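Me: I am learning how the terms used for protein structures are applied. Please take me through one case and set each value against its definition.

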Amino acid sequence: MISLPLYMAQRISALIMVPLVFGHLALMIHAIRGGLTAEEILGRTQGNLGWAAFYGLFVLAVSVHAAIGLRAIAFEWGGLRGHALDLATWAIGVGLLVMGLRAVGAVTWG
Amino acid sequence: MVNGDLMEVSVWRGKGSVGAFQRFGVPVQESQTVLDVVTWIQQNAEPGLAYRFSCRVGMCGSCAMMVNDVPRWTCRTHVGKVIHDGQLRIAPLRNLPVIRDLATDMTEFFDKWTAAMGRHAPTASRADPVAPVDPASASRQAADAAIECINCAVCYAACDVVAHNPEYLGPAALNRAWTLVNDTRDGARAERLRAVSGGGGCHNCHSHQNCAQYCPNELVPTASIAGLKRETARAWWKGTA
């Protein structure tokens, strides 16, 4: 159910997320010092390809990591097997990726 | 309880998955083991009771059963240490199909040993000189830490991953594979690492450590499985996985 390639994908995505989580937390603490408004957020993110790359990579790592983790739960607790399990894994991963990238796109170019 | 008192023993009776617990009153004796209790029932109360044992001294690994819902080697488990409110509840090992009463079908347990390449692949023949193995080397010490498995399947019964994932090779088979990965005389390291990297392989372990908690020989299969995860990851980076 979790073979070596999936195991490595989950570990590598976790490694990528570690610095991004700390970066995200630091940004949140910094950003809300003087209150938080939509204008302030969009003022920083709109047209900023650096933040788009930061959160784009974050979304990609989360999609891979969460899809594999939920695959284990779907197999062990949900009883999904075979193609249904693969389909659920892909649906979760692609779903998270699409929703996340849409959000990144919206605050960067929206 | 003192000698001669009756303890209340519930024993699983039945074929396959169909059955029920049957109660027996068994006299308490000094230094009595759970296997003694089962044997007393078979010899004095229910001659048709099916169970499995051989050496009675913790060597052969054939007498493991669930005792008050915990997997144990019954020949080395004293009643006084596990009895609860004067009662014992004895059932066949968890996670294995039941043949009859307390006897489980161990086929899948040993098939998984084979699937994990639990067989030594020699690199020399009997005509060659005996291979020197340094007992102080890191690889030999890693193998020694895991080598005393008696195949009792207590870890297999304790493992929640086995319970939820029938494909999972289980702690005993993976622990055995780890001893061979660390055996410098073995010639099938790459194949063995591939054998434990499939859909039921070592990467499914959640490190709950139930196997280490209940192993009667106090082995730590979780550590062996973690070792396999490290070595398979190294092989993956090198492109030999």
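Me: How many residues does each chain give to the contact between chain B and chain A?

Reply: Chain B gives 18 residues and chain A gives 12 residues. Contact here means heavy atoms within 4.5 Å. This is a predicted model, in which local features need pLDDT of at least 70 and side-chain atom pairs count only at pLDDT 80 or more, while totals for chains, interfaces and linings use all residues. Residues are numbered from 1 along each chain as its sequence is written, chains are lettered from A and ligands numbered from 1 in the order in which they are written, and side-chain values use heavy atoms, with hydrogens and water left out.

Me: What area do chain B and chain A bury between them?

Reply: About 1,300 Å², with 63% of it on carbon and sulfur atoms. Buried area is the accessible area (1.4 Å probe) that two parts lose on being put together, summed over both. On the side of chain B, the residues that lose the most area to chain A are His164(B), His203(B) and Trp236(B), together 42% of what that side buries.

Me: How many salt bridges and how many polar contacts are counted between chain B and chain A?

Reply: The salt bridge count is zero. A salt bridge needs a side-chain nitrogen of Lys or Arg within 4 Å of a carboxyl oxygen of Asp or Glu. The rule for polar contacts finds five residue pairs across the interface, both residues at pLDDT 80 or more. That rule asks for a pair of N or O atoms within 3.5 Å; within protein, one must be able to donate a hydrogen and the other to accept it, and residues adjacent in sequence count only if both atoms are side-chain atoms.

Me: Which helices of chain B supply at least two residues each to the side that touches chain A?

Reply: Helix H6 (160-164) and helix H10 (221-238) do. H10(B) gives the largest share, five residues. Helices (H or I, at least four residues) and strands (E, at least two) are DSSP runs, numbered from the N terminus. In chain B there are 10 helices and seven strands.

Me: Why is His203(B) called buried?

Reply: The relative accessibility of His203(B) is 5%, so the residue counts as buried. Buried means under 20% relative accessible area, exposed means over 50%, and partly exposed lies in between (1.4 Å probe, protein chains only). His203(B) sits in the loop between helix H8 (189-195) and helix H9 (210-214) of chain B. Leaving out residues up to four places away in sequence, His203(B) touches residues including Ile2(A), Ser3(A), Leu4(A) and Tyr7(A).

Me: What makes His203(B) and Thr232(B) a polar contact?

Reply: Their side chains are joined at 2.9 Å, and the limit is 3.5 Å.

Me: How do you know that Glu8(B) and Arg23(B) form a salt bridge?

Reply: The N to O distance between their side chains is 3.2 Å, and the rule allows pairs within 4 Å, so the pair qualifies. Glu8(B) is in strand E1 (residues 6-15) and Arg23(B) in strand E2 (residues 18-27) of chain B, 15 residues apart. Glu8(B) is partly exposed at 27% relative accessibility, whereas Arg23(B) is exposed at 62%.

Me: Are the partners Asp101(B) and Arg13(B) buried or exposed?

Reply: Asp101(B) has a relative accessible area of 2% and is therefore buried. Arg13(B), at 17%, also counts as buried. Their closest N and O atoms are 3.1 Å apart, and they form a salt bridge.

Me: Where do Arg140(B) and Asp144(B) lie?

Reply: Both are in helix H4 (residues 138-146) of chain B, four residues apart, about one turn of the helix. They form a salt bridge, with the closest N and O atoms 3.1 Å apart. Arg140(B) is buried at 15%, and Asp144(B) is partly exposed at 36%.

Me: Why does Cys75(B) count as buried?

Reply: Its relative accessibility is 9%, so Cys75(B) counts as buried. Cys75(B) is found in the loop between strand E4 (70-73) and helix H2 (79-82) of chain B. Apart from residues up to four places away in sequence, Cys75(B) touches Thr33(B), Leu35(B), Arg56(B), Val57(B), Gly58(B) and Cys63(B).
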